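Colleague: Could you take me through one part of this model with some care? I would like the backbone and the surroundings treated together.

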Amino acid sequence: MSADKSFKPTEPQDMQAARPAQGTLTNAAGNSVPNNQQSQSAGPRGPVLLQDHHLLERMAHFNRERVPERVVHAKGGGAYGTFTVTGDIRKYTNAKLFSEVGKQCRMLARFSTVAGERGFADTVRDPRGFSLKFYTEDGNWDMVGNNTPIFFVRDPLKFQDFIHSQKRHPQTGRRSNTMQFDYWSLRPEALHQVMYMFGDRGIPRSFRFMNGYGSHTYSLWNDAGERYWVKWHFHTMQGVQGLTGDQAAQIAAENPDYHLQDLFEAIERGEYPRWKVSVQVIPEKDAETYHTNIFDLTKTVSHKDYPLIEVGEFELNENPKNYFAEIEQAAFEPSNMPRGFGASPDKVLQARLMSYADAHRYRIGINYAALPVNKAVNSVNTYHRDGQTRFDGNFGDAPVYEPNSFGGPAETGPQTDEPALRIDGNADRYGYPETDEDLYGQPAALYELMGRDGQDRLHKNFAGPLATVPDFVRQRFVAHLYKIDERLGKGVDAEIDALKAQPDPMLGQLLTETHTNAAKPEAVGADD
């Protein structure tokens, strides 16, 4: 795992928060706490006092310590590691991550059971989540898969029903074999996954001894604008090992957190687990005639037809310092795809592109992507503002809308010859569909309908606010008015000139915006 290349793996900002300094105990506001042993009370045997803010703060915070657990994949463990590129796949993708053999990237892995809650035993017979977050120089790439190459459903409409059948019975509060097998018997497309789960790999010996799979078909794009369908594979270099049902039951009785312990302690010992990363590459045209629907999540694609191509390998070599901050708050979502990566028509994948981010907003808050464990290592420039748990500068006084003329972040536009997404035949991936739409005809008809008096009032109504904005903004807007009707443009210009000609100094102040970005001369003129 050595190689010193152009983009070295770096730790996201504030990923490892410093431990509190040993010294004076304080409350959340930094006020010192003189007594953390007894509550304030009305005498030695009297009731506690409402003025004991330290007591109230501790009780209130304790009541809110738990965030909602994940609906699925609630219990899991994870660690940080390093991904190293070992194979050249630049013919398939222009992703910066794969721009050079030997390139490295810091990453995070989380492994989990699927159906059970956080208190479940690690060794139940269940698929295992296999989620990876790569902190690339081009933004986070998330691969949210399982330890199986297929799944139980191929239509997202049935996902909730499937999960309900694996959860607890509404009357007994217990998991039910009847519910599980009833569902599987009524939806036979699940049989491929059920066979896998009840086979020798159904209960991994530990997280270190299981493979991972992207399961879905994804895509890669190259500089020529060519798209390739791909299947991602992550093969354990420790060898695949499983547990028998009896072994799993015994471990569950003695140590329900066995898998979490095994991963943590192996890394602490320096026995860093490793996985080989490979892809199956399927030319785009092949999908149209291949004998299996490669976008069906319940099916695999033959390795004989499309052999594995080695891409890289990763090792996990650093345990988290705080489980809640770095594992429980870790948010993986398949929609995190930098340039060079893409999705596919897989129906379940399409639904997951929405549902994962939506679940994170509910579970850990609207600003979840800014949490240290989820924060990208490259610069993040968005127009997202406000919301609960906004714990940074909220982008200061930067513009809050786009497009704008004052230096806010702008879209890059096409960076390759990549064609538009082939969905409706004319969709433009980077903007509005191409159109010959007339933007001025109907406004002109409305202007005509206003009549002379209405038009004069419109000129005045426009002139008041337009007289306050920078010249280049006003000129650009009034230019559109001239295209609607020359009388409209001239009328507004005349009213603005009349306002500015008034001698009242107070009025002059009112007609000039001296706040926000409008007053920044360095921001003005770029679009004159």
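Where is the place of N394 in the chain? Please then go on to a close look at the positions that UniProt marks as "active site".

Modeller: N394 has its place in the loop between α9 and α10, where helices (H or I, at least four residues) and strands (E, at least two) are DSSP runs numbered from the N terminus. This is a predicted model, in which local features need pLDDT of at least 70 and side-chain atom pairs count only at pLDDT 80 or more, while totals for chains, interfaces and linings use all residues. Residues are numbered from 1 along each chain as its sequence is written, and side-chain values use heavy atoms, with hydrogens and water left out. Although N394 is not a glycine, its phi is positive, at about 60°. The loop between α9 (347-364) and α10 (441-449) also holds P403, which is joined to E402 by a cis peptide bond with an omega of about 5°.

Turning to the part you asked about, the unreviewed UniProt entry places the feature "active site" at H73 and N146, an annotation that may be inferred rather than shown by experiment. These residues span 74 residues in sequence, yet no two of their C-alpha atoms are more than 10.3 Å apart, so they gather at one spot. H73 is found in the loop between α1 and β1 (76-85), whereas N146 belongs to strand β4, which covers residues 139-146. With a relative accessible area of 14%, H73 is buried, and N146 is buried too, at 9%; the cut-offs are under 20% for buried and over 50% for exposed, with partly exposed in between (1.4 Å probe, protein chains only).

Contacts (heavy atoms within 4.5 Å) fill in the surroundings. Setting aside residues up to four places away in sequence, H73 touches R110, S112, T113, V114, G129 and N146. On the same basis, N146 is in contact with H73, R128, G129, F130, F151, N211, G212, Y213 and S215. The two annotated residues therefore touch one another, and G129 appears in the contacts of H73 as well as in those of N146.

One of the contacts of N146, S215, brings us back to the backbone. S215 has a positive phi of about 70° although it is not a glycine, and its place is in the loop between β5 (212-213) and β6 (218-221). At 8% relative accessibility, S215 counts as buried.
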